[in-house]
Amino acid sequence: MSQYQAVKGTKDIFPEESAQWKYVESVVHTLASLYGFNEIRIPVFEYTELFQRGIGSTTDIVGKEMFSFQPDPQGRSVTLRPEMTAGVMRAVLQHNLFSSAPVHKLYYIGELFRKERPQAGRQRQFSQFGAELLGVSSPAAVAEVITLMMHVFESLGLKGLKLRINTLGNTEERFRYREALQAYFAPFNEVLDDASKDRLEKNPLRILDSKNPALKELIAGAPRLYDFLNDASLQDFEKVLFYLSERHIPYEIDHRLVRGLDYYCHTAFEVTSSELGAQDAIGGGGRYDSLARELGSSSDVPASGFAVGMERLLITMEKQGLLASLNHPVPLVFVVVQQQELADHALAIAWRLRKAGISTEMDLAARSMKAQMREANRMKAAYALFIGANEYTTGSYSLKNLVSSEQQIFSLEALLEFLHESATKEVVD
Ligand code: AMP
């Protein structure tokens, strides 16, 4: 065993799991492009101010979870990205993308870093996929990102996920609501825990997010943001719900859903899985029109997006038995050398097969035939191709089907053709 261990809160992903990740990622790529989203890849670190400004200094992420450092002694602090949205918006504004088109539909898959206390489903390095629809304020836009997210879940075969949805109104409505909440909670200052006392000053909406059971009743009696909304905000929300119903996407309205980040407005949503335990959120998102202005844009940019945690998605898939048949690719052919003098000839044949697009493995350690066969079976190769003196002189090769044990003789040409056909068939199957 190595004396070195992976850093607490990080994980290694071995080949069996990689195959599962690649499968989920391929579904994300396919569906995102079906909905007209194009992939964006942004740096893993950004200047710290971007997140302070873009996520909000009262949030847990900025307050205590960022991995920040100073690459140069006198230089500006940088931070490993704790979420993607601020970086995506920074990239779009920096490169002036709105000068070429009014709407941008972008998606991403990538690693994020948060200094949280590691536990099941909560890591310090984790991955998300997500999408951002920038430049459209209509409720159809937020409905589109929710629909894409739910379509991914459905395509992966996930069952029983719960979509909760709420509206946070516009800035002015939230301001009035904030005051009402402060007035409501102020007399209970004694009862509030330290985190909630802090939030009461800075961001009272976040008290509603509290998981403290002692505050449950108090929170349940708090005023509802919904009652502070004007007609336009209510209609916007109704329209989002209309689109979801029309698309047979079940949802539950949850007036307590506020989400952690400061920049949300109007629709906010979260998807949970009962399979996950304490950290039950699989993904979430909403509208965030004011982010662009926070980052220096002269006007708001209407924006909607979602982010889904890959690790929690995979844990849920595992629990629902959706990963059982996903394995890393196996070789179609294992080349078995009968006499070691022919090893170089066997290597040349293996190379020919690979050039012809046939996945091929071979023992490079000059082991016995028995050991080579054991290896072919362990790797679950479909065929063993024997290279012996006879094959070498006659140019005909014997190929054994390792499932049926059937053996056939081929010329090299015919072998390539036969295996090529099998390889294509495997891909189609
Ligand atoms: P957020 O950006 O906090 O809204 O998170 C979106 C999704 O990312 C969550 O629903 C989780 O699935 C996932 N996520 C957030 N934080 C972590 C973490 N520390 N470890 C694993 N997954 C996370």
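## Strands and their partners

Two strands are said to pair if DSSP finds at least two bridges between them, and this idea helps in reading the present structure, which is a predicted model. Strand E1, residues 38-39, is joined to E5 by two bridges, and these strands run parallel. Within this pairing, Asn-38 stands opposite Leu-106 in E5.

Strand E5 also pairs with E6, here in the antiparallel sense and over 10 bridges. Leu-106 takes part in this pairing as well, since its bridge partner in E6 is Glu-132. Strand E5 covers residues 104-113, and because seven of its 10 residues are buried, the strand is largely enclosed by the rest of the structure.

## The nonpolar cores

In soluble globular proteins, nonpolar side chains tend to be buried together. In this model the largest nonpolar core has 43 residues, and those touching the most other members are Phe-37, Met-149, Phe-153, Leu-163, Phe-269, Phe-306 and Leu-313. Several elements give two or more residues to this core, including helix H1 (15-34), strand E6 (125-134), helix H5 (139-155) and helix H11 (310-319). Helix H5 gives the most, with nine residues.

Met-149 offers a view of how this core is put together: when its neighbours within four places in sequence are left aside, Met-149 is in contact with Leu-163, Phe-269, Val-271, Phe-306 and Val-308. Apart from this largest core lies another one, of 39 residues, among them Val-92, Ile-207, Leu-215 and Val-301.

## Val-78 and its surroundings

Strand E4, residues 78-80, contains Val-78. Is Val-78 buried or exposed? Its relative accessible area is 5%, and because buried means under 20% relative accessible area, Val-78 counts as buried.

Leaving aside the neighbours within four places in sequence, the residues in contact with Val-78 are Phe-45, Glu-46, Tyr-47, Thr-48, Phe-67, Ser-68, Phe-69 and Pro-71. Met-66 lies 12 residues from Val-78 in sequence, while in space the two are 9.8 Å apart, C-alpha to C-alpha.

## Domains of the chain

The domain assignment of the chain gives domain 1, made up of residues 15-169 + 229-319, and domain 2, made up of residues 333-428. The centres of domain 1 and domain 2, taken over C-alpha atoms, are separated by 48 Å.

Note on methods:
Residues are numbered from 1 along each chain as its sequence is written. This is a predicted model: local features need pLDDT of at least 70, side-chain atom pairs count only at pLDDT 80 or more; totals for chains, interfaces and linings use all residues. Side-chain values use heavy atoms; hydrogens and water are left out. A nonpolar core is a set of buried Ala, Val, Leu, Ile, Met, Phe, Trp, Tyr and Cys residues joined through side-chain atoms within 4.5 Å. Buried means under 20% relative accessible area, exposed over 50%, partly exposed in between (1.4 Å probe, protein chains only). Helices (H or I, at least four residues) and strands (E, at least two) are DSSP runs, numbered from the N terminus. Contact means heavy atoms within 4.5 Å. Domain bounds come from an automatic or database domain assignment.
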